[in-house]
Amino acid sequence: MRMLLKDGLVYENGHLVPMDIEVTDGVVTGRGQAISSSADKVFDCRGLAVFPGFADVHVHLREPGFSYKETIGTGTKACARGGYTVVGAMPNLNPAPDSDEHLRVQEDMIAQQAVIRVLPYASITLGQKGEGELTDIEGLAHRVMGFSDDGRGVKEADTMREAMLRCKAADSIIAAHCEDMSLIPAGGAIHDGAFAKEHGIPGIPSESEWGPIARDVALIRENGCRYHVCHVSAKESVEIIRRAKAEGLNITCETGPHYLLMCQDDLQDLGRFKMNPPLRDRADMEALVEGLLDGTIDMIATDHAPHSAEEKGKGLAKSAMGVVGIESAFPLMYTYFVETGRMSLETLMDRMVYAPKRRFRLDGGIEIGDRAEITVFDLNADKVIDPAEFLSKGKATPFEGWKVHAECKLTICGDNIAYNNID
């Protein structure tokens, strides 16, 4: 099939340049002015911005095992509506992808349902327990995005050391959920700060995050493993990673839009404000923004984590951890960072496209010869974030009611029109 995106404003080196893009059988075959093509499908992109498809290295698609929360079908349609063309699927699943047999279950479901590219993570430990026997890292490395026990921290330093050594030998990457459960009181639900104290809710201290990061930095100093920190939320974590990078250590990290735009001051006693790690102090939020701008924080990842309405309807203390974000991430970041002048469009594109693709060795884009991974946005739209419109089964977003000025109109992944609101 041949597609032509006509008269769009195509992203190129920090600018939006008037240009056509031609896609033939899933590959970008033309870029330029007034391309003449006998296309099967022509999209009128006048006045619209054409970007390389976004990459999110941290998404929960919930299958196999938890299809009442999300399916690979609903999740990837939501990703496409958010402008994403490739995502890393976290291994909080049943069965956990810790063996050839278990991983194959997930791979088969991806092949049947996904409308964009989905690359699974395998778990670090068997059963994703955060301790005990390691997964067959060498046997699975060529089939997965990396290894993670997301949702659980790897408990013992010796276990993480062995995982790092085996991961390095397999030329793969650890994506670490850094959380020391021994520091978190029973019922820990939100940041250990003023809101927790005022409302009598057990708090989660920042050290439960930055402590394991500091431990793992010492380990990668020994062995040089490729290492990535998931969902950074604390100012101390940013500084530890900044110093590790200054040493030249092989470390990257991510944070999410909710940590960049919210803090504990914004909390309401509603499940849609409960995530792990939690929203922390304003000083933490400011440190995260600084880290994102100076490159200490390499990329933006949503940690899209859908749950049922019942699971999220029990307030801060008792609701499940996790919020959705894949359909609102770019509109929020563009509206509240680029439009306000806090960040250049070039920096945002790096954090949402190029940095994750570099680190996790992902291809695809909008250059000639690329696998076509393209998204088109109306940057003049006036929208209000309304979870009732989400394609995801999950509706719990802390950004409900926020105004944004960007709306996805089209997403193409290979030869598939993954989302189409342009016609």
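Hi everyone. Let's begin with one pair of residues: Ala 89 stands opposite Pro 120 in strand E8. Keep in mind as we go that this is a predicted model.

Where does that pair sit? Strand E7, residues 84–89, pairs with E8 in the parallel sense over 4 bridges. Now add the rest of the sheet: 3 strands form an open sheet, in the order E6-E7-E8, with parallel pairing. Which strands stand at the edges? They are E6, residues 54–59, and E8, residues 117–120; each has a single partner strand, so one side of each is left without a neighbour in the sheet. On average, neighbouring strands here are turned by 20° against each other, ignoring direction.

Next, the inside. In soluble globular proteins, nonpolar side chains tend to be buried together. In this model, the largest nonpolar core has 96 residues, and Phe 51, Phe 147, Ile 174 and Phe 330 are the ones with the most contacts inside it. Helix H11, residues 329–338, gives the largest share of this core, 7 residues. There is also a second, separate core of 18 residues, including Met 19, Val 23, Ile 412 and Ile 422.

Last stop: two helices. Packed helices are described by the angle between their axes and the distance between the axes. For H6, residues 207–223, and H7, residues 235–246, the angle is about 15° and the axes are 9 Å apart. H6 and H7 are therefore roughly parallel to each other, and H6 passes H7 in a left-handed crossing. If you want to find the contact on screen, look for residues including Trp 210 and Ile 213 in H6, which meet a group in H7 that includes Ile 240 and Ile 241.

Thanks for listening!

Methods: Residues are numbered from 1 along each chain as its sequence is written. This is a predicted model: local features need pLDDT of at least 70, side-chain atom pairs count only at pLDDT 80 or more; totals for chains, interfaces and linings use all residues. Side-chain values use heavy atoms; hydrogens and water are left out. Two strands pair if DSSP finds at least two bridges between them. Helices (H or I, at least four residues) and strands (E, at least two) are DSSP runs, numbered from the N terminus. Axes are lines fitted to C-alpha atoms, for helices over the stretch in contact, and angles run from 0 to 180 degrees between N-to-C directions. A nonpolar core is a set of buried Ala, Val, Leu, Ile, Met, Phe, Trp, Tyr and Cys residues joined through side-chain atoms within 4.5 Å. Buried means under 20% relative accessible area, exposed over 50%, partly exposed in between (1.4 Å probe, protein chains only). Angles under 35 degrees count as roughly parallel, over 145 as roughly antiparallel, 65 to 115 as roughly perpendicular and the rest as oblique. A crossing is left-handed if the near helix is turned anticlockwise from the far one by less than a right angle, and right-handed if clockwise. Contact means heavy atoms within 4.5 Å.
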